[in-house]
Amino acid sequence: RVASHERFQSLSRIFEVLRQEKLKLPQEDRQKRDSMIDKITGDIFDLFDEQSLHYFWWPSNQEVNDYVKRWQASPISRHFTDPTLKSPWDFSSMIDSLLTGEYELLSCKLLTSDVGVLSFFPYSLPYGGSDAMRVLIQSFGCEIIGEELDGLHHEGIE
């Protein structure tokens with residue numbers, strides 16, 4: 001569900017930049033790809049509004065070190081179930097996931113005056129999930145009202 005048409009237009013512009021940049025990434029040369037992702041992340045930062053940027057985790061070095069220590073000190077069986085080991089998405093991880101995910105980004109558009117859809121096509125199943133897309137959508141104040149898994153995947157945006 002779209003809360004703000006202006007913010008949804010920003011989301012759509014960012015989605016289109018990510019879609020285009022994802023198509024340009026080299027698949028074979030990981031070092032070059034990683035370098036390009038770093039540049040894209042820096043370039044796209046300025047397209048996000050302050051409210052959207054506030055949605056992400058911007059940890060200090062100390063916070064990252066503390067988190068890594070907690071992760072390493074916990075049993076492997078608790079890594080994905082212990083709520084103290086969960087952290088919000090950080091900006092660069094979200095961009096990296098969108099650019100390297102095993103799916104093609106297709107479109108982000110309004111369906112009605114207050115409902116939008118983000119469409120993508122997975123290259124294979126499992127494809128890694130839509131978490132990064134969900135975070136991108138939510139960072140612009142949109143509410144996710146559904147996700148269809150019918151060959152093409154859609155994120156309903158309110």
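Helix H2 comprises 16 residues, 30-45, and its end C-alpha atoms lie 22 Å apart. This agrees with the 22 Å expected at 1.5 Å a residue, the expected span being 1.5 Å times one less than the number of residues. Helices are DSSP runs (H or I, at least four residues), numbered from the N terminus. The model is predicted: local features need pLDDT of at least 70, side-chain atom pairs count only at pLDDT 80 or more, and totals for chains, interfaces and linings use all residues. Residues are numbered from 1 along each chain as its sequence is written, and side-chain values use heavy atoms, without hydrogens and water.

The buried residues of H2 (under 20% relative accessible area, 1.4 Å probe, protein chains only) are Arg33, Ile37, Ile40, Thr41 and Ile44. They cover an arc of only 105° around the axis, so they sit on the same side of H2. The arc is taken from the directions from the helix axis to the C-beta atoms. An α-helix has 3.6 residues a turn, so residues three or four places apart point the same way. The buried residues of H2 pack against helix H1 (5-24) and helix H5 (91-100), with contact meaning heavy atoms within 4.5 Å. Gln31, Asp38 and Lys39 are exposed (over 50%) and lie on the face of H2 turned away from its buried side.

Zero disulfides are counted, a disulfide being a pair of cysteine sulfur atoms within 2.5 Å. The sulfur of Cys108 is 7.7 Å from its closest cysteine sulfur, in Cys142, which is too far for a bond. Cys108 counts as buried at 11% relative accessibility. Cys142 counts as buried at 6%.

Terms used. Helix = DSSP H or I, 4+ residues; strand = E, 2+ residues; numbered from the N terminus.
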